[in-house]
Structure formats: C-alpha cells, structure tokens
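Me: Could you take one part of this protein and describe it closely, then set it beside the rest of the model? Please explain each term as it arises, since I am new to the subject.

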Amino acid sequence: EELADVKWIVTSVVDKTGRVVLNAEDPLLVDRAQKTDQNLVWFSANSHNEIIKSTIAQSGRACTVEAGHFIYYENGNRHELLRLSDVPITLGGAARHNVQNTLGVIAFTHALGVSLADINEGLRTFTNQDNPGRCNQYSINGATVIVDFAHNPHGMKAFMSVARKLNAKRKLLVTGQAGDRSDEDIKNLARESISDIELDRIIIKHMLKYSRGRKDCEAAEILRREFIAGGIPETRISMIEDEIDAVNLAINWAKPGDLVLLLVHEKRAEVLKMLNTLSN
C-alpha cells in the first residue's frame with residue numbers, strides 16, 4: 001500500500017510470494033523501498049546500478065543486461081536469457097524503453113511462476129507487429145519505416161532515442177499534435193523531436209479532427225514555429241492536411257538507406273494496412 005502511489009511501479013505480484021517488481025533506476029522507488037518489508041525484485045538495464053549490484057551480492061532477485069544478454073539473478077544463481085538482438089521489440093537494443101519493458105516483463109512473469117525457458121520463447125516470438133503502432137518497423141523500397149503512436153513529449157523522447165541509434169542516409173519525421181494540449185506541451189513535443197538528431201525533412205499534419213477548441217492548424221503552426229526556432233530551415237518543413245497524404249509524401253520522398261519516422265494518430269488502421277501492403 002505504501003508503494004501504490006508511486007507512478008513508476010511496474011506492478012506488484014499478488015501471489016503467495018508477495019513479490020513486488022520495481023525499476024531500480026527510479027530514485028523514488030529506491031527511497032520508498034527502504035520502508036517496506038515486501039519481497040522485492042529489481043530490474044535495470046544498467047548492471048552497474050548500485051541496487052542491482054547489492055541485490056545480486058545478497059543473493060536476491062534482479063534482472064539486468066550484461067554483455068548484450070538479458071540476465072536474471074535468483075538465490076545466488078545467474079541465468080542467461082536471450083541476447084537483446086534476439087528480442088524483436090528492442091530493435092537490436094536501440095529501443096531502450098523496450099529493453100526496460102522487457103526486463104520488467106521477465107521479472108514479473110517469472111514471479112508469477114512462468115519458467116525462464118517459456119519467457120525466452122515468448123520474447124523471441126513477440127514482435128512489434130504484435131503490438132500495432134508501437135515502434136513497428138517496415139522495409140519499403142530499401143528505406144526503413146518506423147511507426148509509433150507517440151503523442152506527448154515523454155513518448156516522443158523515447159521514440160527519437162530509437163531514431164538516433166539507427167544509421168540512415170537521411171531522416172524524415174511525420175508528426176502532429178491535437179489542440180487540447182498547452183502551447184508549452186506542443187513546443188516540448190517539437191523540442192524532443194529535434195533534440196540531438198538531424199532531420200532532413202519534417203512533415204506536419206494539420207489534424208483538423210483533433211483541433212479541440214483551437215483554430216484549425218493552430219497546433220500545427222505552433223509546431224512549425226518551434227521547429228524553426230530550433231534550427232530547422234523552413235524549406236525542410238511541409239504542412240499537410242490529411243494523414244494518409246502525409247504518409248504517402250514521406251514514402252515517396254524516401255530512397256534506399258533512408259529512415260522514415262511516422263507518428264500516426266488519426267488513421268492508424270489505414271496507415272498500417274498501407275504499410276503492410278508496401279513492405280518488402
């Protein structure tokens with residue numbers, strides 16, 4: 001109960017073990033955990049994390065990454081699971097948020113009694129396409145296309161952290177925002193989109209159906225101005241009304257070796273169907 005108000009709890013496992021699975025990279029959790037006598041299971045992608053190290057030293061339960069493998073420690077035993085590159089949703093480790101999610105899943109499902117062998121098989125066979133719109137990757141005419149539903153600065157930060165790690169000749173972003181966000185939230189979305197990454201083209205969707213109290217194209221215009229303020233030349237920015245038209249423009253722009261980043265919000269099913277048809 002004393003941990004229930006902390007937003008970054010992955011989950012608590014209500015079973016005979018009374019285990020609670022926690023993210024060792026969250027200082028709030030680390031602090032709160034000192035006040036509980038629950039049976040804790042920690043996870044972190046950083047094997048040098050002090051909580052992970054101390055838990056392993058005390059023969060506790062911890063899940064981490066070592067030498068490119070997912071590792072689970074329990075009762076003094078070290079269990080080597082799949083390589084990151086063998087878990088599709090991590091995109092070879094580039095999708096760090098999904099590395100973290102995978103660690104949480106391993107700890108959680110094993111606490112429920114699932115064997116590590118079955119966990120391995122589940123991780124190996126679960127692909128991004130099994131979770132439509134979440135870092136789904138396609139190959140279209142030699143270009144890499146990634147689709148996500150990111151719609152806030154936090155989600156954009158995670159999405160663009162993946163994009164930064166992927167090699168590409170050129171990079172294009174299709175984005176947009178609903179009108180029921182503050183000006184500052186819309187600006188932060190733009191800032192996270194261009195942080196530490198060079199984009200060769202940006203296509204902004206008007207998202208007229210989601211104006212939600214703002215004038216038509218007002219949110220799109222805030223994005224455009226913030227991109228320009230962040231150093232993106234106006235000549236690299238396009239404004240498109242329809243989401244399908246924006247996706248088509250992006251696909252037609254792309255050449256072999258390019259990376260196309262699609263944030264899809266209005267016509268998700270149509271876009272995913274189109275990409276599945278076009279993918280090689």
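Reply: Two strands are said to pair if DSSP finds at least two bridges between them. Strands (E, at least two residues) and helices (H or I, at least four) are themselves DSSP runs, numbered from the N terminus. The model is predicted, so local features need pLDDT of at least 70 and side-chain atom pairs count only at pLDDT 80 or more, while totals for chains, interfaces and linings use all residues. Residues are numbered from 1 along each chain as its sequence is written, and side-chain values use heavy atoms, with hydrogens and water left out.

The part chosen is strand 5, which covers residues 69-74. On one side, strand 5 pairs with strand 4 (residues 61-66) in the antiparallel sense, over 5 bridges. One of the pairings joins Thr64 to Ile71 of strand 5. The two strands form a hairpin with 2 residues between them, and Ala67 there takes a positive phi near 50°.

Strand 5 also pairs with strand 6 (residues 77-83), again antiparallel and over 5 bridges. Here Ile71 has Glu80 of strand 6 as its bridge partner. Ile71 therefore has a bridge partner in the strand 4 pairing as well as in the strand 6 pairing. The hairpin of strand 5 and strand 6 has 2 residues between the strands, and Asn75 in its turn has a positive phi of about 55°.

Strand 5 is mostly covered, with 6 of its 6 residues buried; buried means under 20% relative accessible area, exposed over 50%, and partly exposed in between (1.4 Å probe, protein chains only). His69, Ile71 and Tyr73 point one way, whereas Phe70, Tyr72 and Glu74 point the other way, and all of these are buried.

Burial can be followed elsewhere in the model. Cys63 is buried because its relative accessible area is 0%, while Cys217, at 24%, is partly exposed. The structure holds 0 disulfides, a disulfide being a pair of cysteine sulfur atoms within 2.5 Å. Tyr138, in strand 7 (residues 134-140), is buried at 6%. Glu226, in helix 7, is buried as well, at 14%. Beyond its neighbours within four places in sequence, Glu226 is in contact (heavy atoms within 4.5 Å) with Lys187, Ala190 and Arg191.

Buried residues may also join into a nonpolar core, a set of buried Ala, Val, Leu, Ile, Met, Phe, Trp, Tyr and Cys residues joined through side-chain atoms within 4.5 Å. The largest one has 31 residues, of which Ile146, Phe159, Met160, Leu199, Phe227 and Leu261 touch the most other members. At least two residues of this core come from each of helix 5 (153-165), helix 6 (183-194), strand 10 (201-205), helix 7 (218-229) and strand 12 (259-263). A separate core has 24 residues, including Val147, Phe149, Leu172 and Leu275. Apart from neighbours within four places in sequence, Leu261 contacts Ile146, Phe159, Met160, Ala163, Leu172, Leu173, Val174 and Leu199.

Phe149 also takes part in a charge placed over a ring (NZ of Lys or CZ of Arg within 6 Å of the ring centre and within 35 degrees of the ring normal). Arg268 lies over the face of Phe149, at 3.9 Å from the ring centre. Similarly, the charged end of Arg170 sits over the ring of Trp253, 3.8 Å from its centre.
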